[in-house]
Amino acid sequence: MTCQYGQLLDIHVDDSVVMKKLEKLRQDKAPGANAIQPRYLKEIAEEICHALTIIFRKSLDQGVIPEDWRIANVSPIFKKEGSRGKASNYRPVSLTSQVCKIYESMLRNAVLEHLIKNQLIRESQHGFLRGRSCLSNLLAFLDKVTDYADKGINVDVIFLDLAKAFDKVPHVRLMRKVRAHGTDGCISNWIENWLKGRKQCVCIRGEGSTWLEVISGVPQGLVLGPILFLIFINDMDCGITNWLLKFAYDKVVWESTV
């Protein structure tokens, strides 16, 4: 990883890194629109490793993303609540290219290391981070509220859930924030081009809808998506004087009332 003056400008890509990613592929994962199964990629890892290394390096240097890396079959997952006949009660999970996911995981690791090393993600965030979880979020909240309760102080609490949070992220504003967090150079250019021209179709019981362009949002199911979303909402704490905790798109705000 190349990091200058707090900036992440490039990542190291070689055969050994790509091979480790191929060996760790989960065979039970679904393929993307190109129908290339992860089991198949894992079985021929030695034969394709060097070729993928060249493709990944060229893609990063030139900012060119293959078309099948930017298309997705959307599988609607029922949220286990409400009517099954209502589209809003389903979570759209994007099934994308397994080859692209290998490269996404390399970028995700580099970006995450950069954010943690430079302490860029605020302490209020507990989602998608190593050592942080829903449990750590809950414990931090209980610690503060219990302390107030022991002192006989009332607490006002507001629970927030951002509706369709991943789907509504504007790409231009997202990229401004990505670069503001020190991720620039060929990496930010690659991410920006990776977000452009994305298409998706909904697949149910083997039948697919027409292809539609994705003009906003970070599709759920992408490896790089959660980290980009954390960067996008990282400044939500700015200007808030109350206590705030975040777990991805779920928020809790509270303050004592004297």
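A residue counts as buried when its relative accessible area is under 20%, as exposed when that is over 50%, and as partly exposed in between. Keep that cut-off handy for the exercises below, which all concern a predicted model.

**Exercise 1: Sorting two cysteines**

Classify Cys 100 and Cys 238 by accessibility, then work out how many disulfides the structure holds.

*Solution.* Start with Cys 100: its relative accessibility is 1%, so this residue is buried. Next take Cys 238, which has 47% relative accessibility and is therefore partly exposed. Now turn to bonding. The cysteine sulfur closest to that of Cys 100 belongs to Cys 186, and the two are 16 Å apart, which is too far for a bond. A disulfide would need sulfur atoms within 2.5 Å. For the structure, the count of disulfides is zero.

**Exercise 2: Mapping the nonpolar cores**

Find the residues with the most contacts inside the largest nonpolar core, and name the helix that gives the most to this core.

*Solution.* The largest nonpolar core contains 50 residues, and Ile 11, Leu 22, Phe 56, Tyr 103, Trp 190, Ile 191 and Trp 194 have the most contacts within it. Helices α1 (15-23), α3 (45-62), α4 (98-117), α6 (171-180), α7 (185-195) and α8 (225-233) each contribute at least two residues to this core. The greatest contribution comes from α4, with 10 residues. Another core, of five residues, lies apart from this one; Phe 141, Tyr 148, Leu 245 and Trp 254 are among its members. To zoom in on the largest core, pick Tyr 103: beyond residues up to four places away in sequence, Tyr 103 touches Ile 11, Phe 56, Leu 60, Trp 69 and Trp 190. As background, nonpolar side chains in soluble globular proteins tend to be buried together.

**Exercise 3: Describing a helix pair**

Describe how α1 and α3 pack, and decide whether they are parallel, antiparallel, perpendicular or oblique.

*Solution.* Two packed helices are described by the angle between their axes and the distance between the axes. Here, α1 and α3 pack at about 120°, and their axes are 9 Å apart. Roughly perpendicular covers 65 to 115 degrees and roughly antiparallel begins over 145, so α1 and α3 are oblique to each other. The crossing of α1 past α3 is right-handed. On the α1 side, the meeting residues are Asp 15, Val 18, Met 19 and Leu 22; their partners in α3 include Ile 48, Leu 52 and Phe 56.

Now follow Leu 52, which sits in α3. With a relative accessible area of 7%, Leu 52 is buried. Setting aside neighbours within four places in sequence, Leu 52 contacts Val 18, Leu 22 and Val 99.

**Exercise 4: Two threonines in loops**

Place Thr 183 and Thr 96, and determine whether each is buried or exposed.

*Solution.* Thr 183 belongs to the loop between α6 and α7. Its relative accessible area is 1%, so Thr 183 is buried. Not counting residues up to four places away in sequence, Thr 183 touches Leu 8, Val 111, His 114, Val 178 and Ser 188. Thr 96 is found in the loop between β4 (90-95) and α4. At 1% relative accessibility, Thr 96 is buried too. With the same sequence neighbours left out, the contacts of Thr 96 include Pro 31, Ile 71, Glu 104 and Arg 198.

**Exercise 5: The whole chain**

What share of the protein chain is buried, and which secondary structure elements make up the chain?

*Solution.* Of the 258 residues, 41% are buried. The chain has eight helices and 10 strands.

Note on methods:
Residues numbered from 1 in each chain as written. Predicted model: local features only at pLDDT ≥ 70, side-chain atom pairs only at ≥ 80, totals over all residues. Heavy atoms only, no water. Core = buried A, V, L, I, M, F, W, Y, C linked by side-chain atoms within 4.5 Å. Buried < 20%, exposed > 50% of the residue type's maximum accessible area, 1.4 Å probe, protein only. Helix = DSSP H or I, 4+ residues; strand = E, 2+ residues; numbered from the N terminus. Contact = heavy atoms within 4.5 Å. Axes fitted to C-alpha atoms, helices over the stretch in contact; angles between N-to-C directions. Parallel < 35°, antiparallel > 145°, perpendicular 65-115°, else oblique. Left-handed = near helix turned anticlockwise from the far one by under 90°.
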